[in-house]
Amino acid sequence: MENLRYPIGRFDLSRQKESVDWHIWMLSETPNRLRDAVSGLTPEQLNTPYRPGGWTVRQVVHHLPDSHLNGYLRFKLALTENRPTIQPYNQDRWAKLSDTADIPVEVSVQFLDTLHQRWVGLLQTMRPEQFQKGYVHPDEGFLSLEKALRHYSWHSRHHLAQILTLRERMNW
Ligand code: NI
């Protein structure tokens with residue numbers, strides 16, 4: 001089950017050797033990779049959980065802009081305030097809200113595309129010392145923007161891999 005849920009492994013900062021630039025590039029690539037990952041799937045396939053008891057492919061797709069919109073706002077707050085405390089959100093309850101039940105996944109792919117253009121644009125203007133700024137998560141403490149970038153890059157690949165490994169297993 002762990003492998004189905006974490007196809008590229010859990011987030012582990014100590015195993016990340018890639019540069020900040022590489023992770024910015026990864027965020028710029030993510031919307032197109034997501035578009036490719038769901039390309040050609042039928043509504044029934046989109047409504048299939050990526051693992052037993054897990055979110056459906058549709059929920060995973062809508063979850064990405066939910067999460068990354070929060071991420072983008074956290075970056076903007078961290079750059080304009082002094083170590084702001086951020087508002088966590090319950091990602092499982094967000095995913096299960098009925099707002100996205102009937103919205104085509106393409107809407108969230110486009111949303112992610114637009115959002116990442118703004119986010120990548122911001123990241124490309126940031127000086128090295130700005131990546132050491134950060135925000136305080138009430139449960140997890142201080143997080144630098146460099147670590148947050150690495151986390152969101154992992155998060156993109158993590159969910160892409162959930163969809164791609166399901167397609168592989170199902171031969172879709
Ligand atoms: Ni997630």
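Is Ser156 buried or exposed, and what is its relative accessible area? The legends below take up this residue and its surroundings in a predicted model, in which local features need pLDDT of at least 70, side-chain atom pairs count only at pLDDT 80 or more, and totals for chains, interfaces and linings use all residues. Residues are numbered from 1 along each chain as its sequence is written, and side-chain values use heavy atoms, with hydrogens and water left out.

**View 1. Ser156 and its contacts in helix H7.** Ser156 is buried, with a relative accessible area of 0%, where buried means under 20% relative accessible area, exposed over 50% and partly exposed in between (1.4 Å probe, protein chains only). Ser156 has its place in helix H7; helices (H or I, at least four residues) and strands (E, at least two) are DSSP runs, numbered from the N terminus. Leaving aside residues up to four places away in sequence, Ser156 touches Leu27, Thr30, Leu64, His68 and His116, a contact being heavy atoms within 4.5 Å.

**View 2. The nickel ion and its histidine donors.** The nickel ion is coordinated at 2.1 Å by the NE2 atoms of His63, His155 and His159. Donors are N, O and S atoms within 2.8 Å of the metal (3.2 Å for Na, K and Ca), and because water is not among the atoms, sites may look incomplete. The spacing of the donor residues in sequence is H-x91-H-x3-H. His63 lies in helix H4 and His155 in helix H7, so this pair ties together parts that are 92 residues apart in sequence. Both His63 and His155 are buried.

**View 3. Helix H6 and its buried side.** Helix H6 (residues 105-125) has 21 residues and reaches 30 Å from its first C-alpha to its last, close to the 30 Å expected at 1.5 Å a residue, the expected span being 1.5 Å times one less than the number of residues. The buried residues of H6 include Val105, Ser108, Leu112, His116, Trp119 and Leu123. The buried residues of H6 cover an arc of only 150° around the axis, which puts them on the same side of the helix; the arc is that of the directions from the helix axis to the C-beta atoms. They pack against helix H2 (20-38), helix H3 (43-46), helix H4 (57-80) and helix H7 (145-170), whereas the face turned away from the buried side carries the exposed residues Thr114, Gln117, Arg118 and Thr125.

**View 4. Trp119 and the largest nonpolar core.** The largest nonpolar core has 19 residues, and Trp119 is among those with the most contacts inside it, together with Phe75, Leu123, Met126, Tyr135, Leu145 and Leu149. Such a core is a set of buried Ala, Val, Leu, Ile, Met, Phe, Trp, Tyr and Cys residues joined through side-chain atoms within 4.5 Å. The elements that give two or more residues to this core are H2, H4, H6 and H7, and the largest share, five residues, comes from H6. Not counting residues up to four places away in sequence, Trp119 touches Leu27, His68, Gly71, Tyr72, Phe75 and Tyr152.

**View 5. Arg83 and Asn171, residues with positive phi values.** Arg83, in the loop between H4 and helix H5 (91-96), has a phi near 45°, a positive value in a residue other than glycine. Arg83 counts as partly exposed, at 46% relative accessibility. Asn171 lies in the segment after H7, and its phi is near 60°; Asn171 is exposed, with a relative accessible area of 71%.
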